[in-house]
2 protein chains.
Amino acid sequence: MTPSVRIKTDLDIRSFHPQSKTLMGPGPSDVSARVLKALGQTTLGHLDPDFTDLMDELKQLLGYAFQTDNKLTFAVSAPGSAGMETAFVNLVEPGDKVIVCINGVFGSRMKENVERIGGIAVVVADEWGSPVDPEKVETVLKANPDAKFVAFVHAETSTGVLSDAATLCRLAREHGCMSIVDTVTSLGGSPLFVDDWGIDAVYSGSQKCLSAPPGLSPVSFSSLAVKTIRERKTKVQSWFLDLNLVMGYWDGQGGRTYHHTAPVNAMYALHEALVMLQEEGLDAAWARHTAMHERLRDGLQELGIDYLVNPESRLPQLNSVLIPDQYVNEEAAIRRKLLDEHHLEIGAGLGTLAGKVWRIGLMGYGASQKNVDYCLQALRQVL
Amino acid sequence: MTPSVRIKTDLDIRSFHPQSKTLMGPGPSDVSARVLKALGQTTLGHLDPDFTDLMDELKQLLGYAFQTDNKLTFAVSAPGSAGMETAFVNLVEPGDKVIVCINGVFGSRMKENVERIGGIAVVVADEWGSPVDPEKVETVLKANPDAKFVAFVHAETSTGVLSDAATLCRLAREHGCMSIVDTVTSLGGSPLFVDDWGIDAVYSGSQKCLSAPPGLSPVSFSSLAVKTIRERKTKVQSWFLDLNLVMGYWDGQGGRTYHHTAPVNAMYALHEALVMLQEEGLDAAWARHTAMHERLRDGLQELGIDYLVNPESRLPQLNSVLIPDQYVNEEAAIRRKLLDEHHLEIGAGLGTLAGKVWRIGLMGYGASQKNVDYCLQALRQVL
């Protein structure tokens with residue numbers, strides 16, 4: 001009755017032992033030995049009291065990183081894209097109007113999220129490589145008094161642009177809108193003040209300026225956002241991401257309810273990365289990112305390599321540089337050579353910038369003098 | 001203009017170093033040192049050629065574990081609940097009728113998934129502790145000729161019951177339905193033949209009988225399921241889980257498209273766990289689970305502890321045992337004592353079985369003589 005097991009005769013797969021590389025793309029960034037060690041510690045149960053204590057600490061550490069006292073601050077058990085989806089599916093209901101600012105790949109993804117919920121996306125478009133223009137946003141806010149949310153990307157990973165989150169959130173609030181902000185690449189790398197700026201929903205990733213392995217998405221929601229989620233008229237379309245259920249697991253008050261099995265080891269690693277951030281201090285980490293960016297910029301200038309983005313909007317942690325004309329046709333080969341001969345990863349351009357820019361990441365643990373100098377030396381040899 | 005960083009003065013959080021425990025609950029199960037070591041290896045980029053080679057191997061290894069040649073076989077970048085949601089949101093469209101078999105917590109969750117899509121769930125209910133009754137399913141199939149899917153849980157983690165997946169899938173097919181099967185607790189622990197049984201969509205978890213850390217959900221889809229997904233009339237409501245997009249990243253043919261950042265290190269660990277399964281052999285692993293179950297059962301019998309489930313439907317890897325009357329009032333204290341004094345985790349009852357059963361897991365690496373004997377010895381001391 002029971003079939004017999006078919007052993008695939010061609011299946012002879014061995015243990016995998018990766019060659020160590022220097023990660024200077026758009027993320028994941030270099031993970032420190034200390035965080036990797038934390039990651040590989042013995043697995044606990046997801047309801048073990050020692051582990052739930054760690055979850056409480058993680059909330060506090062993330063509150064520090066986000067500069068918020070929001071009670072609903074935790075890490076979604078999936079990568080940054082799921083953090084984005086968590087923000088949208090919980091806040092936006094079918095028919096809700098959302099002003100979506102698009103100046104790169106991730107703004108477009110926000111629009112996709114809104115539309116898949118049955119929301120109405122009103123787009124404010126800016127050039128790829130430019131920040132979101134607050135004047136345009138204000139005009140669209142005035143023209144759409146029924147809009148409920150303003151959504152934008154603080155640090156566009158696809159272009160290396162920083163937008164003025166403080167101003168955009170102030171405008172949203174002045175027009176009675178809540179703000180949904182993508183800080184995947186800014187958290188830990190650029191000044192970010194969730195409470196002072198009045199951000200209502202924010203999400204990030206573990207693998208950029210926090211330098212934990214990819215797989216978790218830190219998020220935080222204001223009390224107004226939480227009230228909105230609790231008072232929804234419709235159920236959240238995702239069971240897995242429904243914060244009304246997830247809160248029962250993350251909120252220690254009155255006992256925890258099983259929802260899903262948390263990625264226990266990944267949370268050890270994020271915890272350790274955040275302890276390191278706390279030890280260094282947020283402002284020191286931001287200053288380090290800026291200093292390393294300046295060092296890289298000066299070196300690239302000597303190589304004749306220019307930036308896509310104007311100096312006032314440049315992200316220190318994500319350097320989008322124009323590929324010099326003479327290398328445009330062999331840009332993929334150059335990246336491959338860096339990878340093969342120097343074990344160095346830099347990023348390709350995305351979307352409309354594919355083939356036009358390289359993206360050099362200086363994120364978290366990887367924002368170091370060693371990495372900057374190594375990258376410049378490798379580029380000198382390859383170009 | 002820029003606010004200054006508020007350092008929380010009460011924030012003095014140190015590195016976390018978990019006490020090693022023996023995990024004999026409903027999962028996560030004990031993770032071997034070998035898998036933990038693989039987990040903690042240096043992080044690669046999610047588009048690094050070495051890493052995408054690993055992804056290809058992972059597909060093959062999962063094909064072996066699932067006993068399938070399905071091309072769409074991979075690991076969702078999130079826990080088992082997201083694997084469940086992946087199956088439902090990709091296959092079911094609004095208005096579709098789904099026959100959902102409920103004999104525990106996870107069947108109810110399937111119903112939630114169907115309803116949040118706007119599908120119609122027709123429930124076939126069985127007692128918690130009993131398997132899904134194929135006769136009832138056949139009756140409901142006959143009464144609902146417009147049903148498109150039959151969904152059920154192969155191994156109910158909440159009750160310790162194995163259902164007859166081969167028969168249920170055959171019935172589904174005979175009535176023109178596709179099958180959606182939860183194998184979270186069966187994969188690697190009980191016979192499972194995705195191709196021979198004709199399962200159309202299947203999902204599992206990394207943290208049960210595969211003994212990798214929690215956080216990934218192995219899935220597989222038949223060619224009919226893939227065709228159905230490609231020919232949907234509506235967009236998948238989840239951007240993150242939309243297989244039409246995810247396939248572009250996992251399918252090596254013609255280059256990979258960035259979708260989300262995969263949890264690179266978690267995939268190292270799953271790969272290693274599957275290499276270990278391949279080394280042991282699937283049939284040997286199944287036999288080991290059965291042998292350890294019998295050893296535990298005999299020991300529990302001596303302690304006067306009975307099973308919830310009839311012998312013919314018992315899962316070897318998840319032993320739901322009735323808490324003896326004299327301990328019912330202190331069952332939580334007993335579990336706590338096992339945890340504190342023996343560093344041993346066993347599971348509580350869920351839902352209607354809370355306070356009535358304990359769930360003792362013998363999963364993957366944890367299905368060992370050492371664990372069985374240790375658990376019995378600890379119970380003897382505590383009871």
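**Figure 1. How the two chains of this predicted model relate to each other.** Take chain A, turn it by 180 degrees with 0.0 Å of shift along the rotation axis, and you land on chain B, with an RMSD of 0.0 Å. The two copies are thus related as by a two-fold rotation axis. What goes for any such pair is that two copies of a chain are related by a rotation about an axis and a shift along it.

**Figure 2. Where chain A meets chain B.** Here 78 residues of chain A are in contact with 78 residues of chain B. Several helices of chain A each bring at least two residues to the side that touches chain B: α1 (33–39), α2 (49–66), α3 (80–91), α4 (105–117), α10 (264–280) and α11 (282–302). The top contributor is α10(A), which gives eight residues. Sort that side of chain A by class and you get 32 nonpolar, 29 polar and 17 charged residues. As for the partner, 100% of the interface residues of chain A are interface residues in chain B too, so the copies meet through the same surface.

**Figure 3. Chain A on its own.** Its secondary structure comes to 13 helices and 13 strands. The radius of gyration of chain A is 22 Å, close to the 21 Å that the globule rule gives for 383 residues, so chain A is as compact as a globular protein of that length. Along its principal axes, the C-alpha trace of chain A spans about 65 × 60 × 50 Å. Of the 383 residues in chain A, 57% are buried. Now look at contacts in chain A with a separation of 6 or more: 72% of them join residues 24 or more positions apart.

**Figure 4. A closer look at helix α13 of chain B.** This helix runs over residues 369–382, so to speak 14 residues from end to end by the definition of a helix as a DSSP run. From its first C-alpha to its last it reaches 20 Å, close to the 20 Å expected at 1.5 Å a residue.

**Figure 5. The two sides of α13(B).** Which residues of this helix are buried? They are B:Asn371, B:Val372, B:Cys375 and B:Leu379. These four cover an arc of only 100 degrees around the axis, which puts them on the same side of α13(B). On the other side, B:Gln369, B:Lys370, B:Arg380 and B:Gln381 are exposed. As for what covers the buried residues of α13(B), the list includes β1 (22–24), α11 (282–302), β12 (344–348) and β13 (357–361), which belong to chain B as well.

Definitions and conventions: Residues numbered from 1 in each chain as written. Chains lettered and ligands numbered in written order. Predicted model: local features only at pLDDT ≥ 70, side-chain atom pairs only at ≥ 80, totals over all residues. Expected span 1.5 Å × (residues − 1). Buried ≥ 20, exposed ≤ 12 C-beta atoms within 10 Å, placed from the backbone. Arc of directions from axis to C-beta. Contact = placed C-beta atoms within 7 Å. Nonpolar A, V, L, I, M, F, W, Y, C, P; charged D, E, K, R; others polar. Least-squares fit on C-alpha atoms with pLDDT ≥ 70 in both. Rg over C-alpha atoms; globule rule 2.2 N^0.38 Å.
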